[in-house]
Structures are given as C-alpha cells and as structure tokens.
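Me: Got a minute to go through this one with me? I'll start with the annotated part and jump around from there.

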Amino acid sequence: MNRLDFEQALRSIEQIDLARVAGRLVRVNGLLLECVGCHLAVGQLCRIESACGKLIEAQVVGFNREITWLMPFKHPTGLIAGARVLPAAKTESVMIGDSWLGRVVDGLGEPIDSKGKLTGDTLLPQQLPLIHPLRRQPVDAALDVGVRAINGILTIGKGQRVGLMAGSGVGKSVLLGMITRNTQAEVVVVGLIGERGREVKEFIEHALQAKGLAKSVVVAAPADESPLMRIKATELCHSIASHFRDKGKDVLLLVDSLTRYAMALREIALSLGEPPATKGYPPSVFGLIPRLVESAGNSESAGSMTAIYTVLAEGDDQQDPIVDCARAVLDGHIVLSRQLAEAGHYPAIDIGQSISRCMNQVTKREHQLAARTLKQLYSEYQNIKPLIPLGGYVAGADPLADKAVQLSPAINNFLQQEVQDAAPFDLTIDDLCALAKAG
C-alpha cells in the first residue's frame with residue numbers, strides 16, 4: 001500500500017461512527033410521537049424501532065424544551081415505550097427523469113404501480129421551489145385545455161394558477177381528467193391528495209386513460225394516509241412539475257384537492273397545540289397556502305408551469321375560509337354549480353361566477369369582446385328565466401333580453417361538452433365569435 005492509499009484509509013476510519021446516538025420514545029398521542037435523548041432539527045427524518053424490529057419512518061415537526069415531537073409517514077403499529085429513535089444519517093435523495101412519465105408514486109416518491117423501480121439523472125429538491133418575483137416569466141400565451149367553456153370564456157394562460165371551486169359530487173375530478181387528456185401541455189403532473197382510495201384507480205383508468213397517463217406523473221396520497229404524507233405528496237407534485245418546467249417543458253399541474261392539503265395542515269397544527277381560528281383552521285394554514293401556490297407558475301426558465309387546484313366548498317359555500325383564501329391568492333377561479341349539474345349541464349361551469357385574471361394578457365381583442373358579450377347574454381337570460389313561465393317577459397320591450405332569449409339554446413350548446421370530446425382552441429374561438437355576432 002502506497003502512502004496516498006494509507007492516508008485515505010486513515011481518513012475513512014475517522015468518518016466511522018464509533019457510537020450511534022439514539023433517543024427514546026416516551027409518549028404516543030394520536031399521530032404525534034414524543035421522544036427525548038437526542039438533538040433533532042425540525043424537518044429532519046428519523047426512524048423508530050417497533051416491537052417487531054421494523055423501522056417506522058417519521059419526521060420532526062416541533063419540540064418543547066427537551067421533548068421532540070415526531071409525525072410518522074405511515075400509521076404506526078407496534079410502538080412501545082422506550083423504543084429507540086434513530087436520526088437519519090442524511091436526507092433521502094430522490095432522482096427524477098423522463099422515466100417518471102406514466103408512473104404513479106406516493107408522497108415520498110416511491111412507485112406504487114408495480115412497474116418497477118424509478119430511475120433518473122437529476123436530484124429532486126426536498127423543499128418547495130422558490131422563485132424570485134422579478135425573475136418570473138410573464139403569462140403571455142394561452143394554454144389549450146380542450147374544454148370549450150374554459151378556452152372560450154375563461155382562457156387560461158401558460159403559468160397561471162387557477163382554482164376549481166365546487167362542492168362534493170359536482171364533477172371536479174371528471175373535469176380534471178378531461179383537461180389532462182385534451183390539454184396541449186407537454187407534461188401533466190396530477191396530485192390526488194386525500195381522495196378516497198377507490199377514486200385513485202378509477203381516476204387513472206377512466207379519467208386519465210392511457211392517452212393521459214402516457215404524459216403524466218401521478219402522485220397519490222389517499223384519505224387513509226397520515227396528514228404528513230398528504231402534505232409531502234402535495235409538495236412533491238410541485239417539485240416534480242418544477243423539474244420539468246426548468247427543463248423547458250410546458251407543464252400542467254393538477255392538485256385535487258387544495259382543501260385536503262389544508263385539512264392535513266390543520267391536523268398537524270392542532271396536534272402541536274396551535275389554537276383554532278376560522279372554522280377550526282389555525283392561523284398558520286392561511287400562511288402556508290400562499291407559500292405553496294407561489295411555488296407554482298413560471299420561473300426564469302424557458303418552460304411554463306400552469307397550476308389548477310380543486311377547492312372543496314363545504315355545503316356549496318363560496319365563502320368557505322379555504323375557498324376565500326384560495327380565491328385571494330390565485331390568478332382566477334372556475335366555479336362549478338350544483339344547480340347546473342343537477343340540470344344535466346356538463347361541465348357544470350357557472351361562467352357568471354367564474355373569472356380568469358390573466359385572460360386579457362393572452363387573448364386578442366376580438367376574443368375578449370366576444371367572451372364579454374356571451375357572459376352578458378348568459379347573465380341576462382338567467383335574470384329573466386324565472387319570469388318566462390309566469391308571463392313576465394314580453395318580447396320587444398328590451399333588445400338585450402330578446403337576444404338573450406333567442407340565443408339561449410345556442411349558448412347552452414356552446415358551453416356544454418361531452419366527456420370524450422375535445423374542443424381545440426382555435427376552433428372554439430371561431431365558434432365563440434360567430435355566436436356573439438349572431439342574432
């Protein structure tokens with residue numbers, strides 16, 4: 001052995017841990033675990049030995065003097081008093097690449113679709129991406145999502161963040177699947193957060209289908225996962241989408257739903273003793289939602305990252321605190337109406353309550369005027385519709401009302417669309433302009 005090899009061998013001996021520091025588990029309070037005996041930083045990973053010798057992965061979420069609070073990624077079983085808590089040597093690294101397309105992973109980036117191990121050539125950041133506000137590329141081009149009502153009346157730009165507001169069972173997931181299959185985005189990242197386990201497979205097979213899945217990465221954290229896993233899955237979606245955006249791709253991020261993410265934050269915050277505020281949500285939740293949303297959008301790269309978040313309006317209440325918070329921080333909102341859904345109007349988009357704040361930046365003047373005219377006619381017809389059966393509407397008294405009544409069937413036909421149909425952007429604009437000039 002030469003001198004150089006000998007020195008390297010000596011240095012490697014110095015790096016060997018002669019003693020391994022471990023803490024002790026002293027209390028289990030629901031999903032919150034308490035340990036003492038070792039110094040752990042907030043956000044650090046660790047492993048807890050169960051009675052059967054299995055290691056349970058957890059993350060540090062807080063501390064109180066000498067007590068450290070942990071939250072497991074999976075529901076823990078077999079925990080015993082005094083169990084050893086072992087700090088992770090380093091943060092687990094996840095490598096990402098184009099091989100992720102067409103795959104389904106959990107909140108930690110592990111595949112759950114039985115298609116083999118994932119490979120990649122780029123290290124995926126563990127934290128949410130931060131974008132300097134002055135380095136963001138502007139939203140200046142329209143994104144074709146293949147839905148006529150959105151392309152024509154609520155045009156979405158590349159890099160825009162939009163909320164899809166609706167109560168339960170109104171068609172949010174079906175509309176997301178429709179957008180995924182028909183969009184012109186090169187990569188689609190879908191986050192199924194807090195949904196029923198049955199809906200995950202159904203969304204992949206029926207909503208996404210093979211066409212949509214081929215260009216998608218699906219991150220699934222069903223309702224039976226721990227709140228920490230649901231949070232990790234939501235943040236992982238943004239990291240994956242940011243990776244493909246920074247490679248110059250046009251990326252569409254779909255998160256279903258932002259409300260489940262907020263509920264997971266609420267569970268952890270209340271477990272840590274944070275006081276509840278509006279509808280039981282602690283104040284920290286309303287600070288973390290903007291942090292999540294601001295990690296989406298365009299960066300200084302040549303790619304784009306458009307985000308659509310579904311927001312569950314409990315009891316169809318559009319003043320729900322999470323709905324109101326999302327509406328304030330997003331670049332537009334699309335409201336699905338239960339009344340339209342019950343009348344067989346699909347997609348059940350209420351164009352009167354919906355708005356795209358970036359539409360004027362990505363559309364031509366003729367398109368904007370046609371969309372405005374159609375919204376006026378739609379609103380006018382909704383106002384006089386209850387009067388028609390009662391004889392309260394008299395033709396000839398108001399030209400705008402007459403035109404609204406005359407074009408109502410054509411407008412409804414324009415706004416409705418079958419699930420399997422796609423509406424190309426250019427064709428939609430031509431139909432919209434022709435409809436606005438009719439009558």
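**The annotated stretch and beyond**

Reply: Over residues 158-340 the chain is 46% helix and 21% strand, with the end C-alpha atoms 28 Å apart. Helices (H or I, at least four residues) and strands (E, at least two) are DSSP runs. This is a predicted model, where local features need pLDDT of at least 70 and side-chain atom pairs count only at pLDDT 80 or more, while totals for chains, interfaces and linings use all residues. Residues are numbered from 1 along each chain as its sequence is written, and side-chain values use heavy atoms, leaving out hydrogens and water.

Me: What does UniProt call residues 158-340?

Reply: The unreviewed entry has "domain: AAA+ ATPase" there; such annotations may be inferred rather than shown by experiment.

Me: And how many helices and strands in the protein?

Reply: 13 helices and 16 strands.

Me: New topic: how many disulfides does the structure hold?

Reply: Zero, counting a disulfide as a pair of cysteine sulfur atoms within 2.5 Å.

Me: Why no bond for Cys-35 with Cys-38?

Reply: Because the sulfur of Cys-38, the closest cysteine sulfur, is 4.7 Å away, too far for a bond. Cys-358 is in no disulfide either, with the nearest cysteine sulfur, in Cys-325, 18 Å away.

Me: Is Cys-358 buried or exposed?

Reply: Buried, at 8% relative accessibility; Cys-35 is buried too, at 0%. Buried means under 20% relative accessible area, exposed over 50%, partly exposed in between (1.4 Å probe, protein chains only).

Me: How much of the protein is buried?

Reply: 51% of the 439 residues.
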